[in-house]
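Trainee: Hi! Could you walk me through a structure today? I'm still new to this.

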Amino acid sequence: MKFQQLGQALQKVLPAVLLFGLGIHFAFTLAFLTPINPVKVSVLGVVDRYMQPFFHQRWTLFAPNVEAKTRHVFVACRGEDAAGVSREEPWVNLTSPLLDLKQRYRLTPADRLERAQVAGLSQLTASDDEITTRLLEKPEDTDAYRQAVAAAEGKRQQRKQQGRRLLGRVASSACLSLYPQLRTREVRVRLATIKAPPFSQRMNADAPGDTTWMELSWQPVEAVEAR
């Protein structure tokens, strides 16, 4: 009888809790995407900590000039084999297999795995927020301005460091999985950004897209626990 009453109580309370959680999430998302205003400035720190890095998003999907580009993460692994001989494995594309799985199956764990890559890329390559952009547009020769610029630069470097750390964890997990016989010591990440060809050439299958590369330095492998 008590279990039935508990189940009935949960059926009544759980939807309300879920709706409340969704409401809070959408409120944070709305505050994050809203143009700069006094209210947003007052809560920006809390909102930014909640949204970064996994809920980060932009309105560029709905912009007149859609940001049409694809980004791939490559990883290289370096360590010693069973005989103690140093080895450096070639670059491996981690993104393409996940995209293939996402295109083949509607529901797949590849979505969450690729999300970790996207989060790291967003942190590493994110542009300045609107407040920082406006600040840098109007330089002033005052101590307050220099302090504000220094704080903005510190925040920028912290964000990039978080991106490097997250991509390093992705690379560490991949190396440990790809080469179980290798005592991996260091990992390295390479980022490829492939920009779609002009809209006028959309029907040309051979139209090349501009590709730019970014390579991070070698970093120590990090133990990543599966959850």
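Mentor: Happy to; let's talk through the overall layout, the core and a few aromatic rings.

Trainee: Great. What kind of model is it?

Mentor: This is a predicted model. The chain averages a pLDDT of 81, and 87% of the residues score at least 70.

Trainee: Where is confidence lowest, and where is it highest?

Mentor: The lowest mean in the chain is 68, in helix α5 (residues 130–137). Strand β3 (residues 92–93) has the highest, at 95. Where pLDDT is low, the predicted coordinates should not be read in detail.

Trainee: Good to know. How many helices and strands are there?

Mentor: The chain has 6 helices and 6 strands. Along the sequence they follow the pattern α-α-β-β-β-α-α-α-α-β-β-β.

Trainee: And how much of the chain is buried?

Mentor: The chain has 227 residues, and 28% of them count as buried. The chain exposes about 16100 Å², with carbon and sulfur atoms supplying 59% of that area.

Trainee: What about contacts between parts that are far apart in sequence?

Mentor: Take the contacts between residues at least 6 apart in sequence: 65% of them join residues at least 24 apart.

Trainee: OK, on to the inside. How many residues are in the largest nonpolar core?

Mentor: That core has 18 residues. Among those with the most contacts inside it are Val73, Val75, Cys77 and Leu94. Leu167, Val189 and Leu191 belong to that group too.

Trainee: Which elements give two or more residues to it?

Mentor: They are β1 (69–80), α4 (110–125), α6 (143–178) and β4 (183–195). Helix α6 gives the most, with 5 residues.

Trainee: Let me zoom in on one of them. What does Val75 touch?

Mentor: Leaving out residues up to four places away in sequence, Val75 touches Pro90, Trp91, Val92 and Leu94, along with Ala171, Ala174, Cys175 and Arg188.

Trainee: Cys175 is on that list. Where does Cys175 sit?

Mentor: Cys175 is in helix α6. Its relative accessibility is 0%, so Cys175 counts as buried.

Trainee: Which residues is Cys175 in contact with?

Mentor: Beyond its neighbours within four places in sequence, Cys175 contacts Val75, Ala76, Cys77, Thr184 and Val187. Look at Ala76 in particular: Cys175 and Ala76 are 99 residues apart in sequence, and their C-alpha atoms are 7.7 Å apart in space.

Trainee: Neat. Changing topic: how many aromatic pairs are there?

Mentor: A search of the whole structure finds 2. In one of them, the rings of Phe28 and Tyr50 have centres 4.7 Å apart and planes at 35 degrees, so that pair is tilted.

Trainee: Which parts does that pair tie together?

Mentor: Phe28 lies in helix α1 (residues 2–33) and Tyr50 in helix α2 (residues 38–51), so the pair links parts that are 22 residues apart in sequence. Phe28 is partly exposed at 21% relative accessibility, and Tyr50 is also partly exposed, at 31%.

Trainee: And the other pair?

Mentor: Phe74 and Trp213 form a tilted pair as well, 5.6 Å centre to centre with 50 degrees between the planes. Phe74 is in strand β1 and Trp213 in strand β5 (residues 211–215), so the pair ties together parts 139 residues apart in sequence.

Trainee: Is Phe74 buried or exposed? And what about Trp213, buried or exposed?

Mentor: Phe74 has a relative accessibility of 15% and counts as buried. Trp213 is exposed, with a relative accessible area of 52%.

Trainee: What lies over the face of Trp213?

Mentor: Arg190 does, at 5.5 Å from the ring centre. Elsewhere, Arg78 lies over the face of Trp218, at 4.0 Å from the ring centre.

Trainee: Back to Tyr50 for a second. How far is His25 from Tyr50?

Mentor: His25 and Tyr50 are 25 residues apart in sequence and 9.0 Å apart in space, C-alpha to C-alpha. His25 is in helix α1. Not counting residues up to four places away in sequence, His25 touches Tyr50 and Phe55.

Trainee: Last one: where is Ser122, and what is it in contact with?

Mentor: Ser122 is in helix α4 and, at 14% relative accessibility, counts as buried. Setting aside neighbours within four places in sequence, Ser122 is in contact with His56 and Arg71.

Definitions and conventions: Residues are numbered from 1 along each chain as its sequence is written. This is a predicted model: local features need pLDDT of at least 70, side-chain atom pairs count only at pLDDT 80 or more; totals for chains, interfaces and linings use all residues. Side-chain values use heavy atoms; hydrogens and water are left out. A nonpolar core is a set of buried Ala, Val, Leu, Ile, Met, Phe, Trp, Tyr and Cys residues joined through side-chain atoms within 4.5 Å. Buried means under 20% relative accessible area, exposed over 50%, partly exposed in between (1.4 Å probe, protein chains only). Helices (H or I, at least four residues) and strands (E, at least two) are DSSP runs, numbered from the N terminus. Contact means heavy atoms within 4.5 Å. Rings of Phe, Tyr and Trp (its six-membered ring) pair if their centres lie within 6.5 Å; planes under 30 degrees apart count as stacked, over 60 as edge-to-face and the rest as tilted. A charge sits over a ring if NZ of Lys or CZ of Arg is within 6 Å of the ring centre and within 35 degrees of the ring normal. pLDDT is the predictor's confidence in each residue, from 0 to 100. Accessible areas come from the Shrake-Rupley method with a 1.4 Å probe; for residues, only the protein chains shown count as cover.
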